[in-house]
Amino acid sequence: MTELPPLKADLALRLRSVRRLRLRSLWQMLLVLFALALLLPLCANGYWIKTLVSAAAIATAVSGSALLYGQLGLVSLCQYALVGVGGWTALRLSHGLHWPFELCVLAAGIAASATGMIAGLPALRMKGLYLALVTLMMAGGYQVLISAMGFPDGGEGWLGRAQGTDRVLMARPALAESDGGYLTYAMLWLAAILGLVEWHKRSKPGRAWALIRRGEAAANAAGVDVLRYQTWAFGLAGFCAGVGGAILAGGVGQLDGRAFGASESVMLFALSVVGGVYHWLGVLLAGLLLRAVPALLTDYGVNGYLATMFFGASLVHALTTAQRGIAGQWLDGIAALSHRLRGSRVTPGVRHD
Amino acid sequence: MTNTLIQRGARAAALLVLLGAAMGASSAFAQNKPNCGLGNGKKATGEPIAIGAVVGKTGPDDFSASAASAAAYFRCVNDNGGINGRPVNYIVADDQWNPETASQVAAKLVRDNKVVAMAGSSSFVECGANAKLYAQEDVMVIAGTGVPRECFFSKNYAPVNTGPRVSATLVGAYAATAYKAKKMVCVIPNIPSLGNWACEGAKGWGKAHGVEVETLAIDPGSADATSVMLQAASKKPEVILLNVPKGIMVPMLAAAEQQGLNKKIHFVSTTPGYNSDVPKAIGPAWNNAFDLHLEFLPVESAGPDNSNWKAVMNAYADKDAPRDSFAQGGYLAARIVTDTLLKLDPKKLDRASVSAALRKVSGFKSDMLCKPFYVGNGARHNGNSSGPIAQVSGNGFKQIAACETAQEPELDDIRADEKKLGL
Amino acid sequence: MLELLPFLISGLGVGSVYALSGVGLVVLYRASGVLNFAFGALGALGAYVAWTVLDAGLPMWAAWLASVATAMGLSLLYGWFIAPLLAERDSTIRSIGTLGLALVLMGFTEWYWGSSPRRLILPTDAIGIDLADVRLTGTRIISLVVALAMMAAIALLLARTRIGLKMRALANDRGLSAVLGVYVLRVDTVAWLLSGAFAGVSGLLLANIVRLQATLLTFLVIPAFAAAILGRLHSLPATVVAGLVIGVLEATAILLPGFAPFRTAVPFLLALLAIILFPNTQRLA
């Protein structure tokens with residue numbers, strides 16, 4: 001048997017070790033999320049359990065936004081509007097047809113995914129700033145639509161609004177009736193969605209996206225169907241938003257049309273960038289920033305608008321200096337620490353032959 | 001010698017005058033001393049009783065005056081013997097006008113802080129978000145202000161104010177009578193549970209009295225108040241009834257003034273316009289030309305309870321805390337809860353007994369209210385359905401009509417409940 | 001048809017401010033490649049400063065000066081200190097940076113001035129022309145005139161002056177322009193100052209015509225974006241016309257039965273329609 005020439009052997013070895021590292025990081029992510037799912041309901045009080053449910057739902061939506069920006073460099077400023085679409089679908093199906101909760105969540109994901117793709121079709125030929133503007137217009141339009149329509153709350157008719165009767169809360173899954181149980185449930189959905197996104201990143205779509213990011217010309221030369229993979233990314237991001245919306249609806253019980261303004265979508269994108277779009281830890285951090293930090297400030301009686309100022313400043317900071325977001329800074333810190341602890345003389349990131 | 005006599009006389013007279021002034025001042029000072037709870041001047045030192053409130057502070061408007069006033073009252077109570085020796089631990093939470101946040105803070109107050117009741121809540125969004133939680137956990141809420149329909153159709157929620165529907169009915173009835181109107185337009189934000197509900201009372205009243213009332217539901221986020229005013233005016237009414245928050249009422253009046261509509265049509269408003277910033281913001285064109293319904297008696301009334309409220313605010317609230325009708329509502333809610341708790345055994349104060357006692361509240365009198373307040377055992381609560389009318393005058397308001405009680409078909413069940421309670 | 005007339009005229013008021021804002025946005029974009037998300041927030045802060053100046057009893061010209069100076073100053077500070085940090089990145093990132101500025105300014109304005117109702121009254125509110133059931137107030141006439149005048153002035157500036165030439169060069173290729181001897185910092189300064197001036201003026205006019213409320217004024221930049229999109233982010237006359245059309249359609253839509261609750265969506269619908277019907281994107285990406 002002839003030996004592989006040295007370069008090829010080296011390559012195969014590197015590929016194997018890369019695959020091993022990636023699988024390990026995937027297991028790490030799932031392990032951390034499962035641990036949080038089981039431990040958080042036990043440590044947190046009533047207020048924080050409810051807040052963390054919202055944070056988990058928002059993090060699910062952020063994963064889509066982070067995917068579009070991190071993998072493809074596309075700025076989508078309508079993610080929270082798609083959360084609203086998902087929430088509306090889940091509520092309508094739950095109140096009107098009494099479907100089981102999981103089916104409502106999946107239907108919500110599909111509805112938001114379809115909306116994202118249809119609405120994104122005119123935008124798919126555009127990049128950069130124009131895409132950002134178009135999605136902002138869509139978020140603005142959705143804001144007007146949902147303020148006038150409202151969310152279903154147990155009533156009759158297509159809109160499902162209760163007129164003159166009690167407003168109904170969304171039915172939760174049988175095993176997750178209590179707030180603590182629902183938090184575990186929400187974290188499991190978050191783990192599933194993050195796993196789905198990670199699987200995408202590691203397989204063919206991920207490679208196609210990386211090529212598209214390099215440049216359309218390069219992607220076309222490599223035989224990648226740019227339109228198809230871009231649409232796929234939009235669809236996946238919409239799915240994440242829809243699932244997030246359904247989980248949010250189940251957590252609060254009802255959604256309010258006035259809470260889905262264009263400004264919410266803008267904040268969601270801004271804090272995704274601050275959290276970090278290249279790693280799943282950034283997604284979790286963004287969810288916490290969007291829901292847990294305001295809750296913390298409310299607890300201490302700090303004016304909510306000071307938080308807005310802080311987030312604006314963090315966004316500018318994240319864009320200028322910390323491009324991988326808070327998650328990137330933390331991971332760099334952890335990597336540096338672990339290397340020091342191992343007493344290794346190998347500097348991370350530098351190639352040694 | 002005559003000089004000395006005169007001098008002595010003058011000195012005596014001066015002394016007498018000074019004494020008289022001192023006595024007068026001290027009695028005036030005694031009148032200004034607030035009277036709360038047991039009124040015994042002793043600080044309460046027992047085990048605290050947790051009472052909560054949810055207010056909409058950060059957002060389109062600031063409703064927190066209600067809880068600030070209730071907080072001042074509870075502080076006064078704690079300085080005057082507390083609830084039979086036990087102080088009140090009053091916890092206020094801001095729901096930021098977001099139902100998600102409202103359900104989070106309600107869970108905190110009810111499950112973590114274990115409040116026995118809520119007093120002085122004042123939020124646009126929490127009634128819908130939390131009604132189920134309050135019913136499940138049997139927490140009674142004596143709210144300072146309720147706005148959307150859910151606040152007046154909940155088993156456990158009893159607002160002290162009249163609400164926008166009753167307010168519109170009362171001011172519409174007044175305007176139709178005073179200005180001999182045959183047609184009125186009622187402007188209301190197109191928010192679910194408000195847009196399709198709050199103008200219908202005036203409509204119902206109008207139907208029974210030969211006055212046509214048309215509802216105009218507007219987008220509160222719209223930037224164009226002029227078109228709304230033009231549209232309302234195009235229906236050729238004699239009266240335009242604004243049933244909107246003061247933040248959008250002021251631009252509407254500005255647009256109406258710019259278009260000269262204030263000279264052709266009478267403008268009236270529900271309670272949200274009753275705020276000390278409003279007369280200055282809307283300007284001199286509306287002097288003696290803009291009427292509104294008040295949910296309680298005017299802020300400047302001289303009645304004993306109203307004066308007590310002002311004394312409590314002066315002694316225990318921030319200098320900049322608003323002294324408006326929200327604050328009046330908060331004070332009344334706090335007083336209702338305090339008076340109820342004082343009648344119970346301080347060692348056995350739990351949620352169940354407090355809720356049962358609050359439901360039995362009936363005939364609660366105050367000169368701030370047109371009629372005595374009650375809670376009752378009904379499926380819904382609207383204990384205050386009356387109010388006087390005031391008018392913008394200079395940089396303030398003046399009362400121009402006495403207390404009236406609303407008459408409209410939706411209040412039939414409330415009237416039936418009142419009859420059963422013997423009110 | 002006659003019942004449309006009052007709304008048509010009323011729509012011209014808001015429409016002219018949309019047009020003015022649109023021109024301010026397009027000018028900065030053409031000069032520096034940045035779409036200023038903070039345009040509304042700068043205007044809002046300027047309007048509140050003007051209100052405070054008027055409330056203190058100072059004359060109207062002081063209020064205008066303070067307002068425009070605040071907006072220009074903050075715009076300049078951003079352009080000098082933060083924009084250069086993002087100069088090498090693509091257009092989208094540079095624009096998202098201004099989003100951070102918008103959040104900071106909006107949060108500050110809401111926090112500092114609070115939510116009591118205020119009204120920004122200008123002396124031109126009292127005078128007006130009466131036309132068919134509606135009065136076109138002096139303020140709205142001025143907005144229309146100012147929008148057209150500033151558009152003409154900027155168009156002249158960009159087409160005929162040296163600084164305009166340098167601004168266009170910089171927007172085209174920053175590195176090459178620097179090599180060719182264009183003083184990048186100076187030209188950037190002019191661009192940000194101009195944008196700030198537009199923001200200050202638009203903010204004042206909007207605060208008067210619409211409502212003095214920080215969050216609303218900040219997000220009124222979105223219909224202005226719609227006007228800019230209809231102008232293809234390039235043509236100033238098209239942006240002005242688009243702004244006026246958006247304002248008029250939004251006002252007259254109140255008469256469409258059933259559509260009235262959704263009429264605030266008119267700017268967005270028009271922008272989306274324009275994108276679908278005229279998909280030539282070469283200039284814009």
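The following exercises, each with a worked solution, concern the interfaces, salt bridges and cavities of a predicted model.

**Exercise 1. The interface of chain B and chain A**

Task: Describe the contact of chain B with chain A by its residues, its buried area and its polar pairs, and state which elements of chain B take part.

Solution.

Step 1. Begin with the residues in contact: chain A contributes 32 residues and chain B contributes 27 residues.

Step 2. Turn to the area. About 2300 Å² is buried between chain B and chain A, and carbon and sulfur atoms give 49% of this. On the side of chain B, the three residues that supply more than any other three are B:Glu100, B:Gln104 and B:Lys132, with 24% of the area that chain B buries against chain A.

Step 3. Count the polar pairs. Between chain B and chain A there are two salt bridges. One of them may be inspected directly: B:Arg111 pairs with A:Asp179, and their closest N and O atoms are 3.1 Å apart. This distance satisfies the cut-off of 4 Å for a salt bridge. Eight residue pairs across the interface of chain B and chain A are in polar contact, with both residues at pLDDT 80 or more.

Step 4. Assign the residues to elements. Helix 3 (99–112) and helix 4 (126–137) of chain B are the elements that give two or more residues to the side touching chain A. Helix 3 of chain B accounts for the largest share, nine residues.

Step 5. Classify the residues. The side of chain B that touches chain A comprises nine nonpolar, 10 polar and eight charged residues.

**Exercise 2. The interface of chain C and chain A**

Task: Carry out the corresponding description for chain C and chain A.

Solution.

Step 1. In this contact, 36 residues of chain A meet 42 residues of chain C.

Step 2. The area buried between chain C and chain A is about 3500 Å², with 86% of it on carbon and sulfur atoms.

Step 3. The interface of chain C and chain A has zero salt bridges. Two residue pairs are in polar contact across the interface of chain C and chain A, both residues being at pLDDT 80 or more.

Step 4. At least two residues of the side of chain C that touches chain A come from each of helix 4 (91–113), helix 9 (214–219), helix 10 (221–230) and helix 12 (266–277) of chain C. Helix 4 of chain C gives the most, with 16 residues.

Step 5. By class, this side of chain C holds 30 nonpolar, nine polar and three charged residues.

**Exercise 3. A salt bridge within chain B**

Task: Determine which parts of chain B are tied together by the pair B:Glu408 and B:Arg165.

Solution.

Step 1. Over all chains, the whole structure contains 28 salt bridges.

Step 2. B:Glu408 and B:Arg165 form a salt bridge through their side chains, at 2.8 Å from N to O.

Step 3. B:Glu408 is in the loop between strand 14 (396–405) and helix 13 (412–420) of chain B, whereas B:Arg165 is in helix 5 (residues 164–178) of chain B, so the pair ties together parts that are 243 residues apart in sequence.

**Exercise 4. The second largest cavity**

Task: Give the volume of the second largest cavity and characterise its lining.

Solution.

Step 1. The whole structure has 17 cavities of 30 Å³ or more. The volume of the second largest cavity is about 340 Å³.

Step 2. Its lining consists of 26 residues, and those nearest the centre are B:Phe63, B:Val147, B:Thr271, B:Pro272 and B:Phe326.

Step 3. The elements giving two or more residues to the lining of the second largest cavity are strand 6 (145–146), strand 8 (183–189) and helix 11 (325–342) of chain B.

Step 4. The lining of the second largest cavity divides into 13 nonpolar, nine polar and four charged residues.

Key:
Residues numbered from 1 in each chain as written. Chains lettered and ligands numbered in written order. Predicted model: local features only at pLDDT ≥ 70, side-chain atom pairs only at ≥ 80, totals over all residues. Heavy atoms only, no water. Contact = heavy atoms within 4.5 Å. Buried area = accessible area lost by both parts, 1.4 Å probe. Polar contact = N/O pair within 3.5 Å; in protein donor to acceptor, adjacent residues only side chain to side chain. Helix = DSSP H or I, 4+ residues; strand = E, 2+ residues; numbered from the N terminus. Nonpolar A, V, L, I, M, F, W, Y, C, P; charged D, E, K, R; others polar. 1 Å grid on protein atoms, 1.4 Å probe; cavity = no way out; pocket = protein on both sides within 12 Å on 5 of 7 lines; lining within 4 Å. Points joined across faces, edges and corners; volume = space filled by probe spheres on them.
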